[in-house]
Amino acid sequence: MTGSRATPTATAHDRHRSGLALLVIASCQLMVVLDVTIVNIALPHMQKDLGFSTENLSWVVNAYTLTFGGLLLLGGRLGDILGRRRVFVFGVLLFVFASLLGGLSQEGWQLLAARSLQGVGGAIASPTALSLITTTFREGPERNRAFGVFAAVSAGGSAIGLLAGGVLVEWLDWRWVLFVNVPIGLLIAFATPRYIPESERRPGHFDVLGALTSTVGMVLLVYGFIRASEDGWTDGLTLGSFAAAVVLLAVFILIERGSKQPITPLWMFRDRNRAGSYAMMLSLAAAMFGMFFFLTLFVQNVLDFSPLRAGLAFLPVSAVIAVSAGLASQLLPRWGPKPFMVVGALLAAAGLGWLTLTDVHSSYLGSILGPMLVFGFGMGMQFISLTLMAVSGVAPKEAGAASGILNATQQVGGSLGLSILVTTFGTASRNEAKVQEPRFREEATRAQLEEAGRTGQLPPPWGDEVLTSGVSSAFVVAACFAVVAALVALFVIQVRPADLARLQGGATPLGAEGAPDGEADEPTPGADATRPDPDAPLPDPDDPRPDPDTDRPTKGL
């Protein structure tokens with residue numbers, strides 16, 4: 001009798017511990033993912049308190065996404081070699097420390113330094129959190145459910161961040177969008193050793209030089225664009241930043257070509273479908289980051305939305321993205337990924353093109369909601385399609401790297417694209433300011449003249465005209481980014497009838513018969529161990545089970 005009762009009790013205990021472990025891992029991912037959008041809502045208040053120009057304000061976003069995206073692959077490697085649990089805890093604590101510093105910032109540079117450090121912590125914690133699922137949950141239904149929760153948290157984090165950011169800024173202060181991470185992160189760090197086992201260490205080395213040269217090179221490239229928006233293209237520091245960026249990125253490529261364990265296996269870009277997917281993600285992330293950044297400024301500064309109302313205003317975009325992604329996942333086996341990639345990019349371009357009509361007389365319901373929904377529906381079509389193309393034809397042991405590159409491309413592409421859009425915004429707004437300044441001097445009251453002298457910016461309604469002109473011009477370039485993605489989908493991505501048959505239940509992977517157009521899909525010298533396995537099964541985007549040899553999940557987004 002005693003033995004018959006012991007087993008159910010032990011099973012219930014195990015389920016309880018597994019549930020708590022999943023809660024810890026999912027909470028970390030939620031904290032890292034929502035940190036992009038939760039800060040977006042606070043941007044106008046940060047700008048006012050810390051004296052950012054609109055151009056430099058973009059660094060509040062870029063400082064986080066550049067370090068996060070640039071170090072994402074290295075963060076996953078740290079967990080593999082040093083032990084995932086201890087690396088996970090370190091990443092969480094670093095994120096907490098950086099959040100505390102950011103909330104205490106009194107000057108702009110302090111906030112930017114803290115945001116960069118947050119990105120480092122996120123890059124260490126996020127990929128390690130995903131890998132911990134493979135070591136904590138048994139393969140099969142239990143692990144699949146855990147991955148489902150993780151994916152849902154990742155997808156819903158943006159929407160939660162928008163709403164949470166609005167609530168915190170509205171009821172407390174913008175600093176609380178950073179302070180809120182402190183108690184959450186400390187609870188995660190405290191609970192992790194109690195509910196999550198340590199993983200076995202694996203031999204290997206860190207591609208630190210590759211990670212540093214790529215990250216610093218991208219930072220300098222972004223800095224060059226943002227400085228050009230304020231000081232012109234002939235400025236010495238602008239040109240020097242571009243030159244240094246080119247040199248560092250070239251060095252990065254040389255390092256990766258010669259490395260036995262590169263952080264970015266360059267042979268992956270030889271396959272046209274995979275390279276096209278990365279190019280599309282680069283362009284679409286640039287458009288998406290720009291839309292959220294500039295619409296946040298517009299609805300709060302021009303439409304005079306409160307932070308909470310601004311957060312609620314963006315929720316329909318997240319909802320329609322989820323609906324569109326669900327529809328695409330159901331129809332993709334019948335039609336293949338290419339139609340969704342082409343149509344989705346064109347819808348995103350149409351939504352952004354619609355937003356170019358925005359002016360100071362626009363309303364949310366009449367001019368903002370419609371194009372946001374069109375854009376969101378198009379973007380929802382992309383996520384599963386891009387993930388599938390990024391991991392198709394890749395050996396299971398390299399699926400983690402392939403999907404990791406896609407995620408890193410999303411972060412880096414968003415930062416680079418936002419810097420280009422900020423440059424466009426700066427040029428257009430300066431030109432509009434030259435038109436508005438004479439009118440301002442003729443029509444302004446003495447109090448308004450004194451305010452402009454103190455802040456260096458035109459007050460409403462003249463300042464609204466300047467801001468709106470810059471935002472509208474930025475959306476023109478954002479729409480061009482989406483058009484580029486559509487052209488890549490149309491002319492680069494190739495899905496043959498045999499590939500479609502495999503999606504409907506065949507076992508041969510997309511692209512396993514060789515690169516299209518007779519191109520040999522050869523690995524770089526010395527990289528035979530990472531060459532795609534032509535007999536590997538097609539990765540199922542809805543089945544994120546990892547390769548047992550690497551514990552790396554195949555799910556990319």
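Is Leu 365 buried or exposed? Leu 365 is exposed, at 67% relative accessibility. The structure is a predicted model. Its chain holds 17 helices and zero strands. Of its 557 residues, 56% count as buried. The points below go from the whole chain to single residues.

**The chain as a whole**
- The helix count is 17, and the strand count is zero.
- Contacts reach far along the sequence: among those between residues at least 6 apart, 82% join residues at least 24 apart.
- The accessible surface is about 23,000 Å². Carbon and sulfur atoms account for 63% of that surface.

**Helix α10 and the nonpolar cores**
- Helix α10 covers residues 272-301. Its 30 residues should span 44 Å at 1.5 Å a residue, and its end C-alpha atoms are 43 Å apart, so the two values agree.
- Most of α10 is covered, with 26 of its 30 residues buried.
- The largest nonpolar core has 106 residues. Within this core, Phe 294 and Leu 352 touch the most other members.
- Helix α10 gives the most to this core, supplying 16 residues.
- A second, separate core has 11 residues. Among them are Leu 66, Met 218, Ile 226 and Leu 416.
- What does Phe 294 touch, leaving out residues up to four places away in sequence? Its partners are Leu 418, Leu 421, Val 422, Phe 425, Val 471, Ala 474 and Phe 475.

**The salt bridge**
- How many salt bridges does a search of the whole structure find? The search finds one.
- The salt bridge joins the side chains of Arg 175 and Asp 173, at 4.0 Å from N to O.
- Arg 175 is buried, because its relative accessibility of 17% is under the 20% cut-off.
- Asp 173 has a relative accessible area of 29%, so it falls between the 20% and 50% cut-offs and is partly exposed.

**Gln 118 in helix α4**
- Helix α4 runs over residues 108-136 and contains Gln 118.
- Gln 118 is buried, with a relative accessible area of 0%.
- Its side chain makes a polar contact with the side chain of Arg 115, at 3.0 Å.
- Beyond its neighbours within four places in sequence, Gln 118 contacts Asp 35, Tyr 64, Phe 95, Ala 98, Ser 99, Leu 178 and Asn 181.

**Two more buried residues**
- Gln 47 belongs to helix α1, residues 2-50. Gln 47 is buried, with a relative accessible area of 12%.
- Setting aside residues up to four places away in sequence, Gln 47 touches Phe 52, Ser 53, Thr 54, Leu 57, Leu 297 and Gln 457.
- Ile 188 sits in helix α7, residues 181-195. Ile 188 counts as buried, at 4% relative accessibility.
- Which residues does Ile 188 touch, not counting those up to four places away in sequence? They are Val 24, Ser 27, Cys 28, Met 31, Phe 88 and Val 92.
- Ile 188 and Ala 26 are 162 residues apart in sequence. In space, their C-alpha atoms are 9.8 Å apart.

**Exposed residues**
- Leu 365 lies in helix α13, residues 364-391. Its relative accessibility of 67% is over the 50% cut-off, so Leu 365 counts as exposed.
- The C-alpha atoms of Leu 365 and Ala 313 are 9.7 Å apart, with their positions 52 residues apart along the chain counted as separation.
- Where is Asp 304 found? Asp 304 is in the loop between α10 and α11, and α11 spans 307-335.
- Asp 304 has a positive phi of about 60°, although it is not a glycine.
- With a relative accessible area of 62%, Asp 304 is exposed.

**Arg 227 in helix α8**
- Arg 227 is placed in helix α8, residues 208-231.
- Apart from residues up to four places away in sequence, Arg 227 touches Gly 232, Asp 235, Leu 237 and Thr 238.
- Arg 227 and Leu 239 are 12 residues apart in sequence. From C-alpha to C-alpha, Arg 227 and Leu 239 are 9.6 Å apart in space.

Methods. Residues numbered from 1 in each chain as written. Predicted model: local features only at pLDDT ≥ 70, side-chain atom pairs only at ≥ 80, totals over all residues. Heavy atoms only, no water. Helix = DSSP H or I, 4+ residues; strand = E, 2+ residues; numbered from the N terminus. Buried < 20%, exposed > 50% of the residue type's maximum accessible area, 1.4 Å probe, protein only. Contact = heavy atoms within 4.5 Å. Areas by Shrake-Rupley, 256 points an atom, 1.4 Å probe, with all protein chains shown as cover. Polar contact = N/O pair within 3.5 Å; in protein donor to acceptor, adjacent residues only side chain to side chain. Expected span 1.5 Å × (residues − 1). Core = buried A, V, L, I, M, F, W, Y, C linked by side-chain atoms within 4.5 Å.
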